[in-house]
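Biologist: I have a model on screen and some questions about its fold. Can we walk through it together?

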Amino acid sequence: MLKKIISGYYSKVLFICIVCLCAVTAILLFFGSSLLRSQELDEYLQNYDIAINNLSSVLQSKENTFSNSLSPMFDDKSRNRALVQLCTQGLDSLTQQSQTQVTSLLETICRYDSYLGGVLILGNSGDLYQYDARYKTLEDIGLEKKDFTTPAFTVTLLSDSTLDSLSSGYEKPVSHVYGLAGTIFAYSSSDLTEVGRIILLYSTTELNNLTVSANLLTESTLSIRNQQGEILYSSDAESL
């Protein structure tokens, strides 16, 4: 039957045209679907670029405004002296009034950032203290990682796992945090004397909100690491 159909000249031409049309349609469908997949991939990658830029901007902003966050340390000399005494002589050396001054200082630091859940104070005395913004309490939680330190007069990003390793008495203000560490110092007209470290504890909720709004693939994981390669934030909470 097929031989009869294509036996005539015009039938042969028609048959060839149909074959060519089918071939061209198949090729166009292939390239069209490839182009569509490529466009979808570009859109997903663009979403990742936006998410990474937004996350980086938040962390960079926290670092850039770190000194502003700590400005209450220098607004009141009596509170600053109490903090320096805490770092150099320990909590037991403080009078009740001095303890109240330190607690008030840390409360002021945490007041204006809803994602700032608390503060760690590491004194040169070797003690570690935690201020919890929820309860407005200051407690000696004991430093267990005795070799821990951060570069002096440098803002340092600390991972959740690093903070966990400092003390078994450490209690996270929220389920996942990252830390921003700086130097506590005593100052006079001409000298700065390093006396300890202050670590601000930020919730990763702010970063997670940015990731969710970026419409990333649910099966993918986006993470941010510090210079030491430690995970500061991951969209997969289990990997923290």
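Biologist: Where is N226 found?
Modeller: First, the ground rules: this is a predicted model, where local features need pLDDT of at least 70, side-chain atom pairs count only at pLDDT 80 or more, and totals for chains, interfaces and linings use all residues. Residues are numbered from 1 along each chain as its sequence is written, and side-chain values use heavy atoms, with hydrogens and water left out. Helices (H or I, at least four residues) and strands (E, at least two) are DSSP runs, numbered from the N terminus. N226 sits in the loop between β7 (223-225) and β8.

Biologist: Is N226 buried or exposed?
Modeller: Buried means under 20% relative accessible area, exposed over 50%, partly exposed in between (1.4 Å probe, protein chains only). The relative accessible area of N226 is 10%, so N226 is buried.

Biologist: Which backbone oxygen does the side chain of N226 reach?
Modeller: Contact means heavy atoms within 4.5 Å. Leaving aside neighbours within four places in sequence, N226 is in contact with L157, S159 and L232. At 3.3 Å, its side chain reaches the backbone oxygen of L157.

Biologist: In what order do the six strands of the open sheet run?
Modeller: Two strands pair if DSSP finds at least two bridges between them. The pairing here is antiparallel. The edge strands, β3 (137-140) and β4 (156-158), each pair on one side only. The order is β3-β2-β1-β6-β5-β4.

Biologist: How many bridges join β5 to β6?
Modeller: The two strands run antiparallel. One bridge partner pair is A181 with I199 in β6. The count of bridges joining β5 to β6 is 11.

Biologist: Over how many bridges do β1 and β6 pair?
Modeller: The sense is again antiparallel. G118 has L201 in β6 as its bridge partner. β1 and β6 pair over seven bridges.

Biologist: Which residue in β3 stands opposite Y131?
Modeller: β2 and β3 pair in the antiparallel sense over four bridges. Opposite Y131 in β3 stands L138.

Biologist: How many of the 12 residues of β6 are buried?
Modeller: β6 is largely enclosed by the rest of the structure. That follows because the buried residues of β6 number nine.

Biologist: At about what angle does α5 run to β5?
Modeller: Axes are lines fitted to C-alpha atoms, for helices over the stretch in contact, and angles run from 0 to 180 degrees between N-to-C directions. α5 lies across β1, β2, β3, β5 and β6. Its buried residues include L83, L86 and C87. To β5, α5 runs at about 105°.

Biologist: How far apart are the end C-alpha atoms of α6?
Modeller: The expected span of a helix is 1.5 Å times one less than its number of residues. For the 16 residues of α6 that gives 22 Å, which agrees with the model. The end C-alpha atoms are 22 Å apart.

Biologist: Which residues touch the most other members of the largest nonpolar core?
Modeller: A nonpolar core is a set of buried Ala, Val, Leu, Ile, Met, Phe, Trp, Tyr and Cys residues joined through side-chain atoms within 4.5 Å. The largest has 40 residues. Elements that each supply at least two of them include α2 (9-64), α5 (77-89), α6 (96-111) and β1 (116-123). The residues with the most contacts to other members are L86, L106, I109, I121, I198 and L200.

Terms used:
Polar contact = N/O pair within 3.5 Å; in protein donor to acceptor, adjacent residues only side chain to side chain.
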